[in-house]
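Trainee: Could you take me closely through one part of this model, the sheet at its centre of interest, and tell me what surrounds it?

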Amino acid sequence: MSTLGGSGVEVSGLAFGAAVIGNLYTEVGEEQAHEAVTAAWQRGIRYFDTAPHYGLGLSERRLGAALREHPRAAYTLSTKVGRRLHPSDAGGDDLGNGFAVPATHRRVWDFTADGVRRTLEASLERLGLDRVDVVYLHDPDDHAEQAFREGYPALEKLRAEGVVGAIGAGMNQAEMLTRFVRDTDVDVVLCAGRYTLLDQSALTGLLPAAVERGVSVVIGGAFNSGLLADPRPGATYNYAQAPGEVLDRALRMKEVAERHGITLRAAALAFCAAHPAVASVLVGARSAAEVHDCADQFATPVPTAFWQELRDTGLLATEEPS
């Protein structure tokens with residue numbers, strides 16, 4: 001277990017990302033979603049992350065229902081603010097936003113202080129809880145001014161009031177997260193897809209700044225949305241079809257991993273976890289079998305010789321991990 005910044009909130013090294021049980025891309029049945037969360041608990045995962053965005057609240061409802069079987073003090077839960085859900089009678093589905101659910105609501109960007117509180121209150125209702133441990137500003141890329149001027153101070157106030165234990169921001173980029181680390185008093189940032197075997201852009205500013213400031217980093221997207229889990233033609237890289245040169249690099253990494261008796265999945269998770277700024281690595285799993293596989297891979301030791309071969313062949317440019 002690691003503590004997020006100076007907050008006292010603890011997280012497990014491997015975390016459960018609940019976007020997939022919000023029907024990310026394809027439907028997941030109620031029982032299957034429940035079994036995935038149960039398997040995570042069985043494997044010692046005690047940090048669970050969700051958001052209103054994931055399945056228009058479906059992820060929060062399912063996660064809250066599954067965790068109700070366990071003592072509230074025994075796990076850490078994070079959700080996000082920045083998108084409020086408004087009822088909609090437009091009909092259709094939400095696949096345009098990536099989720100296989102009916103479009104019963106529409107998302108409204110809102111990083112105002114009032115919006116932050118209202119979004120959190122609605123999340124608590126869906127989760128069936130009276131508190132969450134961590135709240136992130138979710139994807140404020142195009143709303144930076146409002147997020148820094150209104151959203152962040154609102155989270156800071158909630159933390160001071162004891163409503164939440166830790167605050168931060170979660171994004172698919174490293175640059176603005178670096179600004180949060182340097183210019184605010186966040187406890188943690190969630191960085192998706194920017195510190196992986198294929199993309200180390202978070203090393204330029206974010207991770208060194210986090211170490212310097214004592215801010216924790218949670219890494220999401222360790223498999224770059226699929227390519228590092230199963231590199232093959234047609235695999236996705238950052239939510240689009242992987243370019244040929246990136247696919248080739250992943251396939252070469254897979255060959256090196258197999259020569260060293262490990263999987264590329266194990267190497268991808270180990271790479272993310274090894275940096276001193278990183279407190280936890282989020283994995284999305286849509287079934288108990290996927291959870292067990294991720295837990296097995298996370299527990300697999302990766303030989304030092306593997307990292308060295310990646311460097312020697314030019315497949316990895318960083319000295320991390322040592």
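**The barrel and its surroundings**

Mentor: In this predicted model, A169 stands opposite V189 in β12. That pair belongs to the join between strand β11, residues 166–171, and strand β12, residues 188–192, which pair in the parallel sense over four bridges. Both strands are part of a closed barrel of eight strands with parallel pairing, whose order is β3-β4-β5-β10-β11-β12-β13-β16. From one strand to the next, the twist averages 25°. Helix α8, residues 264–274, packs on this sheet by touching β13 (216–220) and β16 (278–284), and its direction makes about 150° with that of β16. Helix α9, residues 288–298, also packs on the sheet, where its contacts are with β3 (14–17) and β16, and its direction makes about 155° with that of β3.

The packing of α8 can be followed residue by residue, since L264, A266, A267, A268, L269, F271 and C272 are buried there. The cover over these buried residues includes the strands β13 and β16, together with the helices α7 (244–259), α9 and α10 (304–312).

Elsewhere in the barrel, three bridges join strand β4, residues 47–49, to β5, and the two run parallel; within this pairing D49 stands opposite S78 of β5. Strand β5, residues 76–81, is mostly covered, with six of its six residues buried. Its cover extends over both faces, for T76, S78 and K80 are buried on one side, and L77, T79 and V81 are buried on the other.

The strands and helices also border open space. The largest pocket holds about 1,100 Å³, and of the 42 residues that line it, V20, L24, S225, Y239 and G284 are the closest to its centre. The elements that give two or more residues to this lining are β11, β12, β16 and α9, so the strand pair with which this account began is represented there by both of its members. Sorted by class, the lining of this largest pocket consists of 18 nonpolar, 16 polar and eight charged residues.

The second largest pocket has a volume of about 190 Å³, and its lining is made up of R84, L85, H86, P87, H105, R118, T119, A122, E125 and R126. Strand β6 (83–87) and helix α3 (113–127) each supply at least two of these residues, with α3 giving the largest share, five residues. This lining divides into three nonpolar, three polar and four charged residues.

Two helix residues show how accessibility is assigned. R159 is found in helix α4, residues 144–160, and it counts as buried because its relative accessible area of 17% lies under the 20% cut-off. Leaving aside neighbours within four places in sequence, R159 is in contact with Y152, V164, G165, I167, D185, V186 and D187. E121, by contrast, has its place in helix α3, and it counts as exposed because its relative accessibility of 52% is over the 50% cut-off. The C-alpha atoms of E121 and L95, which are 26 residues apart along the chain, are separated by 26 Å.

Conventions: Residues are numbered from 1 along each chain as its sequence is written. This is a predicted model: local features need pLDDT of at least 70, side-chain atom pairs count only at pLDDT 80 or more; totals for chains, interfaces and linings use all residues. Side-chain values use heavy atoms; hydrogens and water are left out. Two strands pair if DSSP finds at least two bridges between them. Axes are lines fitted to C-alpha atoms, for helices over the stretch in contact, and angles run from 0 to 180 degrees between N-to-C directions. Contact means heavy atoms within 4.5 Å. On a 1 Å grid over the protein atoms alone, a cavity is a set of points where a 1.4 Å probe fits but cannot get out, and a pocket is an open set with protein on both sides within 12 Å along at least five of seven lines; lining residues have an atom within 4 Å of a point. Grid points are joined across faces, edges and corners, and a volume is the space filled by probe spheres set on the points. Ala, Val, Leu, Ile, Met, Phe, Trp, Tyr, Cys and Pro count as nonpolar, Asp, Glu, Lys and Arg as charged, and the others, Gly among them, as polar. Buried means under 20% relative accessible area, exposed over 50%, partly exposed in between (1.4 Å probe, protein chains only).
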